[in-house]
Each structure stands twice: as structure tokens, then as C-alpha cells.
Amino acid sequence: MTLSPRIRRAFRIFFATAVGLLMAAPLFYMVAGSLMSNEQLSIQPPEVIPNSLHFENYSNAFSGVTQVIQLRSFVNSIIFTVGVVGLQWMLCLTGGLVVAKMRFRSRNLITAFYAISLFIPLITTLIPAFVVVYELKLVNTYAGLILPIAAQTGFGTLLFRQYISQMPEELFDAARIDGANWWRILRNIVLPLARPATAAYVAISVLTAWNMYLWPLVAAEGGSLQVLTQTLAQVGTTGQGQVTPQNVIFASVVIVTLPMILVFLVVQPAFVRGLAGSGVE
Amino acid sequence: MRQVPSANVAVSATRIRVRKSRRRDRRAAAVMIAPNLLLFTVFVLVPIVGGLALSFTTWNITNGWPKWVGLDNYRRMRDDPLVWEAVKTTVKFIVMGVIPTVVIALGLAMLINFRFRFVAAVRSLYLIPAAMSFAASAVVWRYLYLNGPGYGVINYVISRFGVTPPDWLASTQWSLLSLDIITIWLTLPIATILYLAALQRIPDSIIEAATLDGAGAFRRAVHIVWPGVSYMTPLVAIVALLSFTNGSFDLVNILTKGGPLYATQTLIYYIYVNGFGYGMFGYAAALSVLQIALIGGILLVLRLLSRLAVR
């Protein structure tokens with residue numbers, strides 16, 4: 001049995017698309033369900049195409065007896081994400097430059113610390129990290145929420161280090177001979193040249209911060225600092241027999257996830273490059 | 001020989017300049033890296049070292065200072081049957097998750113490693129679950145897993161084959177696997193990206209030549225594709241390991257709370273329960289040391305395996 005290359009190619013494209021649709025199926029089901037009536041959502045056999053579009057599920061997710069999402073949580077998630085990524089980016093860019101291009105004795109030691117920290121994620125040091133925040137009286141504050149996560153600079157510093165160390169040495173020598181100090185080098189050479197690395201870093205960090213659940217859970221026990229992952233966790237835990245209808249819950253998940261899907265589609269090339277680049281060495 | 005003195009002068013002049021610029025570098029470097037190192041020390045290094053110290057104490061955080069109890073926490077750990085259950089559950093969770101992730105990701109990457117008109121859109125389908133959080137996935141999958149009276153989608157499909165579907169999250173036998181499946185789904189995009197990057201470095205001409213020489217898909221996979229991408233496998237495994245470590249808390253806390261009957265009580269979750277549930281911070285810190293040792297052990301095994309594979 002020999003098929004012509006054209007047919008084999010068509011078959012391969014079809015197969016790749018079918019598997020892709022299967023991988024993304026839970027997302028499509030979520031979006032479809034968020035637009036269905038609750039009756040249609042509970043029909044057996046399950047249906048996947050909405051009979052009519054119930055956009056009111058989305059407004060119901062924000063208000064009324066079925067409210068899932070508090071505006072406050074939405075704002076908190078934005079503050080948390082922007083705070084963590086903005087602060088961490090500055091720390092990692094400067095740190096990356098220092099360990100990539102400056103010469104001092106403890107450089108390799110410091111670099112090793114960053115590398116080791118990659119294998120001890122916050123989740124394994126949760127208890128002592130919480131104790132530190134508790135002793136600094138930062139529980140239930142934005143600082144307590146943001147600083148310990150922004151401080152996880154291992155990945156970013158090494159990412160920028162790798163990127164910056166590939167920049168030609170002559171560039172830096174020339175700037176120094178012209179009398180530029182390191183801050184000017186940072187602003188005029190590193191910052192513009194490291195833009196691709198920044199894109200990759202921001203892409204990965206925004207996703208991580210927005211989707212983070214554990215740290216906000218322990219650092220903000222009170223309701224006023226709650227972020228969106230906690231909101232979803234509450235409806236996820238209650239599950240069956242709850243008061244909020246399923247279509248409104250699906251709409252809530254879409255509302256929380258959509259910003260990240262949009263971010264992801266926009267930054268996907270940078271995201272892919274950043275991850276792929278990390279394996280090149 | 002006559003050149004030696006002048007060369008010496010030149011060398012020492014360079015040395016002085018280098019030394020001078022080094023001294024300048026040192027000061028600039030210290031200032032520039034200070035904020036990074038300060039936060040990194042306070043919130044990363046201090047917890048690592050402090051956690052070890054805390055593990056020799058008993059403390060409920062609110063009352064006074066930790067009390068030194070020596071190795072008591074470790075003795076208690078040895079005698080706590082739930083600890084060994086949790087370690088077993090964690091290892092099972094990781095093994096049942098990481099291995100399929102690595103295998104499936106390579107398959108998916110091979111599947112989408114060719115050019116056609118809408119390749120970018122099709123690849124997006126594979127990668128888009130990466131945008132979802134564990135929390136969001138937990139909500140959706142809870143409904144997908146639903147069992148009787150009205151089946152969720154998964155069990156409806158299974159029941160069509162005339163098989164009694166499992167009660168996924170609520171059954172001691174299936175709950176851990178249920179959480180693994182969700183985590184595999186969430187980890188596959190990143191793992192696939194990594195393998196795809198490696199695949200794209202294999203020149204098409206080599207594969208074409210092999211095809212012309214009559215090598216089938218299987219032989220191409222074994223002799224060309226695998227040697228070309230195997231270097232990526234340790235990284236994929238490590239990324240997956242970290243993802244499953246996170247999943248072993250987020251999903252457990254949202255979907256099963258360690259149940260039913262401790263079937264999904266991973267070590268991370270048991271640490272959380274002891275610390276934030278019972279307020280036993282000393283004991284929880286000792287368990288954290290065990291957790292770090294466990295992850296370290298798994299990494300060591302991975303390293304050995306990858307050494308063997310290279311040979």
C-alpha cells in the first residue's frame with residue numbers, strides 16, 4: 001500500500017489538527033458551556049454547541065446572587081501580577097548584567113546560588129518563608145504578597161545572564177573607554193539589546209504570577225487581598241450541590257483565563273523562544 | 001631576552017589597569033546587584049537555612065519563640081505512618097505523571113514538526129492550555145470528571161463503550177490518576193515546546209535522505225529523531241518534575257483535600273496541613289526538609305538515568 005505523498009501529507013495535516021483539537025477540547029468545552037443555558041449544559045448526551053448564546057452568564061458572574069468574581073479580586077490579581085513582574089524584571093536585568101559582564105571574586109558563587117534555588121521552589125520552603133513574612137509583620141499586606149515572589153530571581157537572573165553574556169565584549173569595552181559607567185551601559189546597551197529576552201521573560205512571568213495559587217493563599221488569609229485563583233479554587237472545591245449554576249461558573253473561569261489566553265497568543269513566539277532558548281546550552 | 005623587561009612593564013601596566021577596573025567593577029557590581037541579592041537572601045536563602053533550623057524546634061508561630069527539641073520532629077516523622085503514605089503518594093504521583101508527559105510530548109512535537117499553511121494556528125491548539133492555571137483547570141476538569149446521576153463528558157464517552165466508568169475524584173483507586181491527568185494536560189504544552197525546539201534543529205535533509213533510503217517512520221524515530229532530541233529530555237523531565245510538584249499542592253487542595261482516605265495526600269499537602277492546619281510549624285519544617293531531600297533524590301535518579309541513556 002503506497003499512498004501518494006500528497007495524500008499522506010493531507011492525512012498528516014488532518015491528524016495533527018485532530019489531536020490539537022483534542023488537546024484544546026477542555027478549553028472549547030469551557031467556552032461553549034459558558035454560553036449555554038444551564039438546562040442544555042446538563043443534557044445527556046452532553047452537547048458541545050450552544051443552542052442560543054447566553055451572554056448574561058458573564059454579567060451574572062460579576063453580580064447578583066450568582067456572583068463569583070469580586071471586582072476587588074480582579075484588581076488584586078492585576079496589582080500582584082504587575083508588581084511581581086515589574087519588580088522582578090528590574091532585579092533580574094540588573095543582576096543578570098552583573099553576573100554576565102562584571103568582574104569580581106564571588107561572581108561564580110552567587111551564580112551558583114541562583115542555579116541551586118531553581119530546584120528549591122517556594123512551595124518546598126513555604127513554611128519558613130511564611131515565618132519570615134510573619135516576623136516582618138507583612139502578612140495580609142501587598143508587600144507580603146508581592147515581595148517574596150518577586151524575590152524568586154533565580155530563573156530570570158540566569159535567563160538575562162545567558163542572554164547578556166552573548167553580547168560582544170567589544171561593545172562594553174568601547175563604552176567603558178568612552179567613560180560610560182555601568183548604569184549608562186545598562187540603559188543604552190543592555191536594555192535595548194535585551195528586548196527579546198525581556199519579552200520571553202515577561203511572557204513566562206506574567207503567566208506564572210497570574211496563575212499562582214499557593215502563596216496568595218497563605219500570605220493573604222483575609223478576603224480583602226484575595227486574588228482570582230482563590231476565587232476559582234472556592235467554586236472548584238464546592239463542586240456539586242452548590243448554589244452557583246455551572247454555566248456561570250464556566251463563564252467565571254473564562255473571564256479569569258481569557259486575559260492570559262490573549263497574552264499567550266500575543267507573546268507565544270517570545271514564550272516559545274524563551275523556553276526553547278533555555279535548553280540550548 | 002632583551003624584550004623581557006619591556007614586556008614585563010607592559011604586563012604590569014595592563015595588570016594595574018585590570019586591577020583598577022576590577023575594583024571599580026566590584027563597587028558598581030555590589031550596588032547594582034544589591035536589591036536583587038537582598039530580596040533573594042531574605043525570601044529565598046534565609047527560608048532554606050531557617051527551615052532547617054526550624055525543623056529542630058517546636059512552635060505554633062503565634063506563641064513566643066521556637067523551643068529547641070533536637071531530633072524530636074525527625075523521630076516523630078519516622079513513626080508517623082501518614083508520612084510514609086504521603087511519600088509513596090508523592091512518588092507515585094510524580095512517576096505516573098512525568099513519564100507519560102515526556103513520552104507524549106515527544107510524540108506531539110514530532111506530530112507538529114512539519115510546515116503547512118496553518119501550522120501556527122494548529123500549534124497554538126497544542127500550546128494554549130499553558131495559559132490556564134491549576135485553579136481554573138481544576139474547576140473545568142471537576143465537571144469533565146463528573147460521575148452519575150448525570151455523567152460528565154468523559155464518563156459519558158466511557159459509558160458508551162459499555163464500560164462502567166470510574167468515579168474519578170471520589171474513588172481511592174482513581175483519584176490520584178485523575179489529578180495526574182490534569183497535570184499532564186497542563187504540562188504537555190511546555191514539554192512539547194522544548195522537544196519541538198530540539199526537533200527543529202535536525203536538518204530536514206537528513207530525514208529526507210533516510211526516507212529515500214527506505215527507513216520507515218519507526219526506524220527514523222529510533223536512529224535519527226531520538227539521538228537528535230535526547231539531550232533535551234533531562235530538561236523536559238526537570239520542568240515536568242517542578243510542574244508536578246506544584247500540581248501536587250494546587251490540585252489536591254482544590255479538588256480532593258488529600259482524600260478520599262488519604263489517597264491523594266501528597267507530602268506537600270501534608271506539610272501544608274501540619275503547618276497551616278494544625279499550627280505545628282516545627283514539624284512542618286522537618287517535613288519540608290524531607291520534601292527537599294525527596295526532590296533532590298529524584299533529580300539524582302534522573303541524572304543517573306540520563307547518563308546511562310547517553311552511554
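Q: What makes the crossing of H7(B) and H10(B) right-handed or left-handed in this predicted model?
A: The call is right-handed. That word is used if the near helix is turned clockwise from the far one, so a clockwise turn is what the label tells you here.

Q: How do you know where the axes of helix H7 and helix H10 of chain B run relative to each other?
A: Take H7(B), residues 175–199, and H10(B), residues 233–256: their axes come within 9 Å and cross at roughly 145 degrees. Angles run from 0 to 180 degrees between N-to-C directions, so the order of the residues along each helix matters when you read that value. Why quote both a distance and an angle? Because two packed helices are described by the angle between their axes and the distance between the axes.

Q: What makes up the contact between H7(B) and H10(B), and how does it divide by class?
A: From H7(B) you get residues including Leu179(B), Ile182(B), Leu186(B) and Ile190(B). H10(B) brings, among them, Val236(B), Val239(B), Phe244(B) and Leu251(B). Sorted by class, the contact has 15 nonpolar residues, 6 polar and no charged. Gly247(B) is one of the contact residues on H10(B), and Gly counts as polar, so it goes into the polar group.

Q: Why is Val31(A) called buried, exposed or partly exposed?
A: Count the neighbours: Val31(A) has 17 other C-beta atoms within 10 Å. Buried needs 20 or more and exposed needs 12 or fewer, so 17 falls in between and Val31(A) is partly exposed. You'll find Val31(A) in helix H1 of chain A. Along the sequence, Val31(A) and Ala251(A) are 220 residues apart, yet their C-alpha atoms are 7.3 Å apart in space.

Q: What makes Ser42(A) count as buried, exposed or partly exposed?
A: Try the same kind of check. Ser42(A) has 16 C-beta neighbours inside 10 Å. That is in between the 12 and 20 cut-offs, so Ser42(A) counts as partly exposed. Ser42(A) sits in the loop between helix H2 (38–41) and helix H3 (56–62) of chain A. Its C-alpha atom is separated by 9.8 Å from that of Asn247(A), a residue 205 positions away along the chain.

Q: How do you know that domain 1 and domain 2 of chain A are in contact?
A: Residues are in contact if their C-beta atoms lie within 7 Å, and on that test 9 residues of domain 1 of chain A are in contact with 7 residues of domain 2 of chain A, so the two domains do touch. Domain 1 covers 5–54 and domain 2 covers 71–277, with C-alpha centres 33 Å apart. On the domain 1 side, H1 and H2 of chain A each supply at least two residues, and H1(A) gives the most, with 4. That side has 4 nonpolar, 5 polar and no charged residues.

Q: Where are the domains of chain B, and how many Å separate their centres?
A: Chain B is divided into domain 1 (3–46) and domain 2 (79–310). Their centres, taken over C-alpha atoms, are separated by 44 Å.

Q: How many residues of chain A and chain B are in contact?
A: 74 residues of chain A are in contact with 76 of chain B. Helices H1, H4 and H14 are among the elements giving two or more residues to the chain A side. By class, that side has 50 nonpolar, 22 polar and 2 charged residues.

Q: How do you know what confidence the predictor has in chain B?
A: Look at pLDDT: the mean for chain B is 86, and 92% of its residues reach 70 or more. Residues 1–7 of chain B have pLDDT below 50, and this stretch has 0 contacts beyond near neighbours in sequence. The model scores ipTM 0.88 and pTM 0.88.

How values were computed:
Residues numbered from 1 in each chain as written. Chains lettered and ligands numbered in written order. Predicted model: local features only at pLDDT ≥ 70, side-chain atom pairs only at ≥ 80, totals over all residues. Domains from an automatic or database assignment. pLDDT = per-residue confidence, 0-100.
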